[in-house]
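Reader: I am new to protein structures and would like a close look at one part of this one. Please pick a strand, stay with it, and show me how the rest of the chain is arranged around it.

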Amino acid sequence: MASGPWRRKKDWPRQFMLVSFGLAHRLDSPRVAMASEPYPCRWTHHVLVEQKEQINAELLSWIDEAYRLSAEK
């Protein structure tokens, strides 16, 4: 999914990687920096990753879910 370009928000870290993915539902997680519903039942989520440890099972499960959703469409 392509998105952006992004401007760093004031409260965001100085350096980060922005991971964006789409799901059929909105995630309720403090890790989600931004979420929007551009189409009905299609939520775009943006997660900031500052450290490699943040690329963990939780984030990978969301990416896997997004991959499976995109394969259905």
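Author: Start with a facing pair. Val-32 stands opposite Val-47, and Val-47 belongs to S3. This is a predicted model, so read every position below as a prediction. S3 is the strand to follow. It covers residues 42-49.

Where does S3 sit in the order of the chain? The protein has one helix and three strands. From the N terminus on, they run β-β-β-α. S1 spans residues 17-23, S2 spans 32-39, and helix H1 spans 57-72.

Now look at the partners of S3. S2 and S3 run antiparallel, joined by five bridges. Tyr-39 marks one of the pairings: its bridge partner in S3 is Arg-42. The two strands form a hairpin, with two residues between them. Cys-41 is in that turn, and its phi is positive, about 60 degrees.

S3 has another partner. S1 pairs with S3 through seven bridges, again in the antiparallel sense. Here Ser-20 has His-46 in S3 as its bridge partner. So S3 pairs with S2 and also with S1, by the rule that two strands pair if there are at least two bridges between them.

How many of the eight residues of S3 are buried? Seven are, so S3 is largely enclosed by the rest of the structure. The cut-off for buried is under 20% relative accessible area. For the whole protein, 29% of the 73 residues count as buried.

Take Val-49 as a close-up. Val-49 lies in S3. Its relative accessible area is 5%, so Val-49 is buried. What does Val-49 touch? Leaving out residues up to four places away in sequence, the list is Phe-16, Met-17, Val-19, Gln-54, Ile-55 and Leu-59. Met-17 deserves a second look. Met-17 and Val-49 are 32 residues apart in sequence, yet their C-alpha atoms are 5.1 Å apart in space. Across the protein, take the contacts between residues at least 6 apart in sequence: 50% of them join residues at least 24 apart.

Next, the core. Nonpolar side chains tend to be buried together in soluble globular proteins. The largest nonpolar core here has ten residues. Val-47 and Val-49 are among them, along with Val-19, Phe-21, Leu-23, Leu-27, Val-32, Leu-59, Trp-62 and Ala-66. S1, S3 and H1 are the elements that each give two or more residues to this core.

Leu-59 shows how these parts meet. Its contacts include Val-47 and Val-49, and also Val-19 and Phe-21. Arg-31 and Gln-54 complete the list, again without residues up to four places away in sequence.

Arg-31 leads to the salt bridges. The structure holds two of them. In one, Arg-31 pairs with Glu-58, and the closest N and O atoms are 2.9 Å apart. This pair links distant parts of the chain: Glu-58 is in H1, Arg-31 is in the loop between S1 and S2, and 27 residues separate them. Glu-58 has 36% relative accessibility, so it counts as partly exposed.

Ser-29 is in that loop between S1 and S2 as well. Is Ser-29 buried or exposed? Its relative accessibility is 15%, so Ser-29 counts as buried. Ser-29 touches Glu-58 and Trp-62, leaving out residues up to four places away in sequence.

The other salt bridge joins Arg-68 to Asp-64, with the closest N and O atoms 3.1 Å apart. Both residues are in H1; they are four residues apart, so about one helical turn separates them. Arg-68 is partly exposed at 44% relative accessibility. Asp-64 is partly exposed too, at 38%.

Finish at the end of S3. Ile-55 is in the loop between S3 and H1. At 41% relative accessibility, Ile-55 counts as partly exposed. Ile-55 also helps make a nonpolar surface patch of about 330 Å², together with Met-17, Leu-60 and Ile-63. Recall that Val-49 touches both Met-17 and Ile-55. So from one buried residue of S3, contacts reach two members of that surface patch.

Methods:
Residues are numbered from 1 along each chain as its sequence is written. This is a predicted model: local features need pLDDT of at least 70, side-chain atom pairs count only at pLDDT 80 or more; totals for chains, interfaces and linings use all residues. Side-chain values use heavy atoms; hydrogens and water are left out. A salt bridge is a side-chain nitrogen of Lys or Arg within 4 Å of a carboxyl oxygen of Asp or Glu. Buried means under 20% relative accessible area, exposed over 50%, partly exposed in between (1.4 Å probe, protein chains only). Patches are made of residues with over 30% relative accessible area and no salt bridge: like charges are joined within 9 Å, nonpolar side chains (Val, Leu, Ile, Met, Phe, Trp, Tyr) within 5 Å. Accessible areas come from the Shrake-Rupley method with a 1.4 Å probe; for residues, only the protein chains shown count as cover. A nonpolar core is a set of buried Ala, Val, Leu, Ile, Met, Phe, Trp, Tyr and Cys residues joined through side-chain atoms within 4.5 Å. Contact means heavy atoms within 4.5 Å.
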